[in-house]
Amino acid sequence: MPAVRFYALAEASVSPAGHESVPAVCAKACELTAELYSQKKKSVVLCADQAQAEAVDQLLWQLPAARFVPHNLAGEGPNGGAPVEIVWQPQSLPRKQCLINVSGKMVSNFNQFQQIIDFVPVEETAKQQARERYKQFQQAGCQMQFLPA
């Protein structure tokens, strides 16, 4: 069973230094993606749609050079994919060590990952959906952890 970490977001959007406001879930996902990459872990970032995937892609390109994360959008990049792949179709999740779920939806084939990162947004409907995902992971026997963002 994968280890699952949920991060409680304190706000809907953030304004990184020198940049316009971006969704907090995307900013935190990029921060965690860079952290996992520094630990030599390969990840897939699951987004709700192509627009969100492109936003995550742009945020990863804006990381400082010292925190560069080789990544690509679904269908791009080298055969076998980059260390980090950004997708928006859950049925085509590549096999990686970690899943960073910013889609707000439950993933059916979550057992293929060693680690899953998910988020609890501030918006009430999305928060309730996160609670349901948490419950499903817990009932499946996953090792659970809940953290502040």
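Colleague: Leaving aside its neighbours within four places in sequence, with which residues is V56 in contact?
Modeller: The model is predicted, so to speak of local features requires pLDDT of at least 70 and side-chain atom pairs count only at pLDDT 80 or more, while totals for chains, interfaces and linings use all residues. Residues are numbered from 1 along each chain as its sequence is written, and side-chain values use heavy atoms, with hydrogens and water left out. Contact means heavy atoms within 4.5 Å. Once neighbours within four places in sequence are set aside, the contacts of V56 are C26, C30, V45, C47 and I86.

Colleague: Which element supplies the largest share of the largest nonpolar core?
Modeller: A nonpolar core is a set of buried Ala, Val, Leu, Ile, Met, Phe, Trp, Tyr and Cys residues joined through side-chain atoms within 4.5 Å; buried means under 20% relative accessible area, exposed over 50%, and partly exposed in between, with a 1.4 Å probe and protein chains only. The largest core has 25 residues, and V45, V56, I86, I100, V102 and F119 have the most contacts inside it. At least two of its residues come from each of α1, α2, β6, β7 and β8, where helices (H or I, at least four residues) and strands (E, at least two) are DSSP runs numbered from the N terminus. The largest share, 7 residues, comes from α1.

Colleague: Which residue in β8 stands opposite I100?
Modeller: In strand β7, C98 and I100 point one way, L99 and N101 point the other way, and all are buried. Two strands pair if DSSP finds at least two bridges between them; β7 and β8 run parallel and are joined by 3 bridges. On β8, the residue opposite I100 is I117.

Colleague: In β7, which residue is the bridge partner of S43?
Modeller: Strand β4 covers residues 43-46 and pairs with β7 in the parallel sense over 4 bridges. Within β7, S43 has as its bridge partner C98.

Colleague: How far apart in space are P70 and A82, C-alpha to C-alpha?
Modeller: P70 lies in the loop between α2 and β5. Apart from neighbours within four places in sequence, P70 is in contact with Y37, A82, P83 and V84. P70 and A82 are 12 residues apart in sequence, and their C-alpha to C-alpha separation is 6.2 Å.
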